[in-house]
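Student: Could you show me how to read local features in a model, taking one kind of feature at a time?

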Amino acid sequence: MSVGACWAVLAGAAGLVAVRLGGWDDGTWLALAVVGLPYTAVAGVVVLGVLLALRSWWPAALAGVLVAVQLVWLVPRLVPEGGGAPTADAPRLRLATSNAFKGRADAAELVRLVREQRVDVLAMEEFGPGAAERLERAGIAEVLPHRELRPGRDTALYSRLPLTPLDGAAPEAARNQVAAEVTVGGRTVRVTAVHTYYPMGDADRWSKDFAGLRAAVSGATRNAVLLGDFNATLDHTPMRALLDTGLTDTHAELGRGVAPTWPEADTYYAGLWPVIQIDHVLHGEALRAVSVAEHTVRGTDHRAVVAELAVTD
């Protein structure tokens, strides 16, 4: 790699760092570029090594600064948070989220995933035409008999536990969200199935969806769980603003904050593999993460995410 090529990489990395620091991705096409930040950190380390080997000291100093800034953002996601494990008697809630890819996800595989992972609550996104009927035929009612489906919204909740709808928890600005309460070990948990618009389609609409989510959970994050397809990574300004309301990302809490969930290979994205993490399980301070994992479901371009949370308060 030449010094010129190194400069080109550094220029791109510096631009992305500036975008993140300035929050310029919020409501703009720059949101698309921000997804590459974890990869620019890796590229920066390579460039730093090359520049040091070439004794190009000033470019190496710049590379070192950029790498340091990005590692400050990245490393906490790769290190499990301390504080010890939840007590053994804390009630557990197992949740899953799956983007059904406009209803094309294999219903039988989803039901099998629910059975095998002992899922208590399933959030669905892109819940397209016929998806509910296919899930019924596949036996979803045998494992998750309660459901919250709303006309005009492409998210849904299925649950082993009774659901109490939360009509006021999904304002119009958060157009696709469905919310309900469940009781676990005598404690109430507010669960919201999330699907924001995608920034490539309309970045302003994407930003407004996040504003709606923040309004919906304002002052009510303590016992909240938001899970689904956020169409955002942990580097995006709207996602960081949502977390700042008092929510924690389960992947990052367990040191898996860069585990990719999209795009999963299927008949539409054949030959691809997940490279970015846009499917999340967020929770408030009354809950603690126990485990999280990604699962392949045939027919959808997203990996399903299954998380176990302990209800500690």
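## Reading the model feature by feature

Tutor: Let us begin with one residue: at a relative accessibility of 13%, Asn231 counts as buried, because buried is taken to mean under 20% relative accessible area. Please keep in mind throughout that this model is predicted.

Student: What is the phi of Asn231, and where in the chain is this residue found?

Tutor: Asn231 has a phi near 50 degrees, which is a positive value in a residue other than glycine, and its place is the loop between β8 (224-229) and α9.

Student: How should I read Arg118 in the same manner, and is Arg118 buried or exposed?

Tutor: Arg118, too, has a positive phi in a residue other than glycine, here near 55 degrees, and it lies in the loop that runs between α5 (107-117) and β2 (121-125). As for its surroundings, Arg118 counts as exposed, with 54% relative accessibility, since the exposed class begins over 50%.

Student: Which backbone feature should I note between Trp262 and Pro263?

Tutor: The peptide bond that leads from Trp262 to Pro263 is cis, with omega near 0 degrees, and Pro263 belongs to the loop between α10 and β10 (279-283).

Student: Let us turn to charged pairs. What is the general idea behind a salt bridge, and how many are counted here?

Tutor: In general, side chains of opposite charge can pair when their charged atoms come close. The rule used here asks for a side-chain nitrogen of Lys or Arg within 4 Å of a carboxyl oxygen of Asp or Glu, and by this rule the count comes to 17 salt bridges.

Student: Which parts of the chain does the salt bridge of Arg20 and Asp235 link?

Tutor: The side chains of Arg20 and Asp235 meet at 3.0 Å, N to O. This salt bridge links distant parts of the chain, for Arg20 is in helix α1 (residues 3-22) and Asp235 is in the loop between β8 and α9, 215 residues apart. Both ends are out of the way of the probe for the most part by the classes used here: Arg20 is buried at 10% relative accessible area, and Asp235 is buried at 3%.

Student: How far apart in the helix are Arg112 and Glu109?

Tutor: Arg112 and Glu109 are three residues apart in helix α5, so about one helical turn separates them, and their side chains form a salt bridge at 4.0 Å, N to O. Their accessibility classes should be read one by one: Glu109 is buried, at 16% relative accessible area, whereas Arg112 counts as partly exposed, at 41%.

Student: Where do Arg222 and Glu285 lie?

Tutor: Their side chains meet in a salt bridge of 2.2 Å, N to O. Arg222 lies in the loop between α8 (203-217) and β8, and Glu285 in the loop between β10 and β11 (287-295), so the pair ties together parts that are 63 residues apart in sequence. Arg222 counts as partly exposed at 39% relative accessibility, while Glu285 is exposed, at 58%.

Student: Which residues are joined into one network by salt bridges that share partners?

Tutor: Asp106, Glu109, Arg112 and Arg298 are joined in this way.

Student: Now to pockets. What is the volume of the second largest pocket, and which residues are closest to its centre?

Tutor: The second largest pocket has a volume of about 270 Å³. It is lined by 14 residues, of which Leu234, Leu243, Leu247, Asp249 and Ala252 are the closest to its centre. At least two lining residues come from each of α4, α9 (237-243), β9 (248-249) and α10 (250-253), and α4 gives the most, with three. When the lining is sorted by class, there are six nonpolar, one polar and seven charged residues.

Student: Which residues form the nonpolar patch on the surface?

Tutor: The patch is formed by Leu71, Val75, Leu78, Val79 and Val258, which together have about 360 Å² of accessible area. Leu71 has its place in helix α4 (residues 57-78), and it is partly exposed, with a relative accessible area of 34%.

Student: Finally, how far apart are Gly139 and Ala108 in sequence and in space?

Tutor: They are 31 residues apart in sequence and 7.9 Å apart in space, taken from C-alpha to C-alpha. Gly139 is in the loop between α6 (131-138) and α7 (140-143), where it counts as buried at 10% relative accessibility.

How values were computed
Residues are numbered from 1 along each chain as its sequence is written. This is a predicted model: local features need pLDDT of at least 70, side-chain atom pairs count only at pLDDT 80 or more; totals for chains, interfaces and linings use all residues. Side-chain values use heavy atoms; hydrogens and water are left out. Patches are made of residues with over 30% relative accessible area and no salt bridge: like charges are joined within 9 Å, nonpolar side chains (Val, Leu, Ile, Met, Phe, Trp, Tyr) within 5 Å. Accessible areas come from the Shrake-Rupley method with a 1.4 Å probe; for residues, only the protein chains shown count as cover. Helices (H or I, at least four residues) and strands (E, at least two) are DSSP runs, numbered from the N terminus. Buried means under 20% relative accessible area, exposed over 50%, partly exposed in between (1.4 Å probe, protein chains only). On a 1 Å grid over the protein atoms alone, a cavity is a set of points where a 1.4 Å probe fits but cannot get out, and a pocket is an open set with protein on both sides within 12 Å along at least five of seven lines; lining residues have an atom within 4 Å of a point. Grid points are joined across faces, edges and corners, and a volume is the space filled by probe spheres set on the points. Ala, Val, Leu, Ile, Met, Phe, Trp, Tyr, Cys and Pro count as nonpolar, Asp, Glu, Lys and Arg as charged, and the others, Gly among them, as polar.
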